[in-house]
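Here's a quick briefing to read with the structure open. Take a look at the model first, and then we'll go through it topic by topic.

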Amino acid sequence: MEAYKERFVEEYKQLVDRHRKLRDLLDRYDLGKLDFTPDSPIGLLACQENIMDAYKDVLEERAKIEHIDLNTNPVQEQVIYVKVRPDLSEMKTLLHKIIDCIDNYGQQGNENRKS
């Protein structure tokens, strides 16, 4: 596998692992089973989790376009020339998800400061 593809797969695997751990932390918090108090507000951690999820979606889409096997099995190389036009509506949806998350956190932070 080409070096950049190996780096891509490694980045994806690290992201998936960190995302899973953060999601687990948030789930345990929701269930009242977290055995410590996070330094960061839960709203901010939830925002980070949403952004990580969106980033994972972007990497998965890139992997399809660039013919990168994220299962880390050896990739059988093929040369395929395709003119790819990004789906801008999907990108807009991801960006709106990130913006909404940041806006919601900002509003929560302002409400907490008023209290």
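Which residues have the most contacts inside the largest nonpolar core? They are Phe8, Leu22, Leu25, Ile68 and Leu70, in a core of 14 residues. Keep in mind that this is a predicted model. The chain has three helices and zero strands, so to speak an α-α-α run from the N terminus on.

**The chain as a whole**

- Of the 115 residues in the chain, 21% are buried.
- The accessible surface is about 8900 Å², and carbon and sulfur atoms make up 51% of that area.
- If you take the contacts with a separation of 6 or more, 72% of them link residues 24 or more positions apart.

**The nonpolar core**

- Back to that core of 14 residues: helix 1 and helix 2 are the elements that give two or more residues to this core.
- Helix 1 gives the most, with seven residues.
- Phe8 is a good place to start looking, as one of the residues with the most contacts inside the core.
- Once you set aside its neighbours within four places in sequence, Phe8 is in contact with Leu59, Arg62, Ala63, Ile68 and Leu70.
- Two of those partners, Leu59 and Ala63, are listed among the buried residues of helix 2.
- Ile68 and Leu70, also partners of Phe8, are themselves among the residues with the most contacts inside the core.

**Helix 1**

- Helix 1 covers residues 3–30, which is 28 residues.
- At 1.5 Å a residue helix 1 should span 40 Å, and its end C-alpha atoms are 41 Å apart, so the two values agree.
- The buried residues here are Lys5, Phe8, Val9, Tyr12, Leu15, His19, Leu22, Leu25 and Leu26.
- Helix 2 (42–65) is included in what covers those buried residues.
- Just after helix 1 comes Gly32, with a positive phi of about 70 degrees.

**Helix 2 and what follows**

- Helix 2 has 24 residues. From its first C-alpha to its last, helix 2 reaches 35 Å, close to the 34 Å expected at 1.5 Å a residue.
- Buried in helix 2 are Leu45, Cys47, Glu49, Met52, Ala54, Lys56, Leu59 and Ala63.
- His67 sits just after helix 2, in the loop between helix 2 and helix 3 (88–114).
- The phi of His67 is positive, about 55 degrees, although His67 is not a glycine.
- For background, most residues other than glycine have a negative phi.
- Is His67 buried, exposed or partly exposed? His67 has a relative accessible area of 40%, so it counts as partly exposed.

**Salt bridges**

- The count comes to 10 salt bridges, and three of them are worth a look, as follows.
- Lys21 and Asp17 pair up at 3.1 Å, N to O. Both lie in helix 1, four residues apart, about one turn of the helix.
- Lys21 has 49% relative accessibility and so counts as partly exposed; Asp17 is partly exposed too, with a relative accessible area of 28%.
- Asp27 and Arg23 meet at 2.9 Å, N to O. These two are four residues apart in helix 1, so about one helical turn separates them.
- Asp27 is partly exposed because its relative accessibility is 35%, and Arg23 is partly exposed because its relative accessibility is 27%.
- In helix 2, Glu60 forms a salt bridge with Lys56, with the closest N and O atoms 3.5 Å apart.
- How do the two partners of that bridge sit against the solvent-accessibility cut-offs, and which one is buried? Lys56 is the buried one, because its 16% relative accessibility is under 20%.
- Glu60 has 24% relative accessibility and therefore counts as partly exposed.
- Glu60 and Lys56 are four residues apart in helix 2, so they are separated by about one helical turn.
- Salt bridges that share partners also join Asp17, Arg20 and Lys21 into one network.

How values were computed: Residues are numbered from 1 along each chain as its sequence is written. This is a predicted model: local features need pLDDT of at least 70, side-chain atom pairs count only at pLDDT 80 or more; totals for chains, interfaces and linings use all residues. Side-chain values use heavy atoms; hydrogens and water are left out. Buried means under 20% relative accessible area, exposed over 50%, partly exposed in between (1.4 Å probe, protein chains only). Contact means heavy atoms within 4.5 Å. Accessible areas come from the Shrake-Rupley method with a 1.4 Å probe; for residues, only the protein chains shown count as cover. The expected span of a helix is 1.5 Å times one less than its number of residues. A salt bridge is a side-chain nitrogen of Lys or Arg within 4 Å of a carboxyl oxygen of Asp or Glu. A nonpolar core is a set of buried Ala, Val, Leu, Ile, Met, Phe, Trp, Tyr and Cys residues joined through side-chain atoms within 4.5 Å.
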